[in-house]
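Please look at the structure below with its charged side chains in mind, and then at one part of its surface.

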Amino acid sequence: VKNNPNSKGLADELRKAKKMLDRIVHIEELLKKQDYRSAKDLMSVFPETSRNNRLLLAAAKADAGLGLTQTALDNCLTVLGSDPDNSDALQVEGMVTYLIGDFSEAIGILDESLDIDPNNDTTKELLRSCQKGAKFIQEGRAALSQERYKRAIEQFTIAIDDCMPVPKKAPLYSTLHAERAEAFFRSKQYYEALTDCTCAIEAKEDNVAAWVTKADVYNAQGRHQEARDELAVVKRSWGAKHKAIKEAFNKADFEVRIQQVDMELRHMVATADARSRQGTNASDNSASEKRSEGKSSRKGNRLPPHVNGEERQMRKYSNRRKSNESPGTKKSVREKNTRNLLFANRRSNPG
């Protein structure tokens, strides 16, 4: 431009270059403040063809901060393809590899970055965080396999909260919450287990372990229909190729069928009990009616006070005879007995 001060084209190119540089500096400032979303949004104004290593590296850092590990790794590898000794690119690659969950590989890459730039404090801090996080995660997994669930929960919680920040979209975020959810489930802390399952699934929809644990929690709570319904949706889409999802669905489906049979049996027993109670009440009522009839019959057999002694005795005798006679007793026999009684009474009272 100095040599060609009248060149309008060169002046325009210089102005564009300065504007681009200012934006890159602004993006790098946002990354230092960990404002990854704003940095990524600002980066969208640059065309793909204009992205140099500096811009690609900034894009990798923004994506890593957001947990977009695949695009971040692609940008790092692009930079390293043209500059294999770029310590900053190795630093970001190491962090991304940790967020994927490959701890030993991540530590090795960060060591390589420090070999190139031993005084880089940011890389040193990342290495310490990776080593600390890997230690707690491995201890948590060991405790879970040894059925020391409280210990596992403690270790996973430290790895999530107190080590390298893990973005929600990073694979490691989903993995850690799924593993802690299993520890919560095994220790019968169902609410906490479901909360972690939700976090894991929101971060990575196809997290098989989280779905299986969620179904186990539902089954433990007797919510078999919910487990079956949710797994049915998963099984119809991405879960069709996963054996663990199919097995979890079959288990929930079996529990639903058992629950339905149990409800039917309970209904049958309740119906039978109700009918039995109705029959008992009817028998009690019939017995009560018979007792009432007996009392009325005895009351009806009592003689009024105006009947004299001879007639009273004849009626009592006649009643006793009627109660003892069968329906087939001959009338002549009853008449003979009555005449004998009258004859006996006259002899005792001749007047």
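The paragraphs that follow take up the salt bridges and then a nonpolar patch.

This is a predicted model, in which local features need pLDDT of at least 70 and side-chain atom pairs count only at pLDDT 80 or more, while totals for chains, interfaces and linings use all residues. Residues are numbered from 1 along each chain as its sequence is written, and side-chain values use heavy atoms, with hydrogens and water left out.

Side chains of opposite charge can pair when their charged atoms come close. With a salt bridge taken as a side-chain nitrogen of Lys or Arg within 4 Å of a carboxyl oxygen of Asp or Glu, the count comes to 17. One of them joins Lys 40 to Asp 63, with the closest N and O atoms 2.8 Å apart; this pair links distant parts of the chain, since Lys 40 lies in helix 2 (residues 36–43) and Asp 63 in helix 3 (residues 53–66). Helices here are DSSP runs (H or I, at least four residues), numbered from the N terminus. Asp 63 is buried at 3% relative accessibility, whereas Lys 40, at 30%, is partly exposed; buried means under 20% relative accessible area, exposed over 50%, and partly exposed in between (1.4 Å probe, protein chains only).

Arg 151 forms a salt bridge with Glu 139 at 3.7 Å between the closest N and O atoms, and because Arg 151 lies in helix 8 (residues 149–161) and Glu 139 in helix 7 (residues 121–145), the pair ties together parts 12 residues apart in sequence. Lys 135 joins these two residues in a network of salt bridges.

On the surface, Val 261, Leu 265 and Met 268 make a nonpolar patch of about 290 Å². Patches are made of residues with over 30% relative accessible area and no salt bridge, like charges being joined within 9 Å and nonpolar side chains (Val, Leu, Ile, Met, Phe, Trp, Tyr) within 5 Å; accessible areas come from the Shrake-Rupley method with a 1.4 Å probe, and for residues only the protein chains shown count as cover. Met 268, in helix 13 (residues 243–300), is exposed, with a relative accessible area of 55%.

Terms used. Helices (H or I, at least four residues) and strands (E, at least two) are DSSP runs, numbered from the N terminus.
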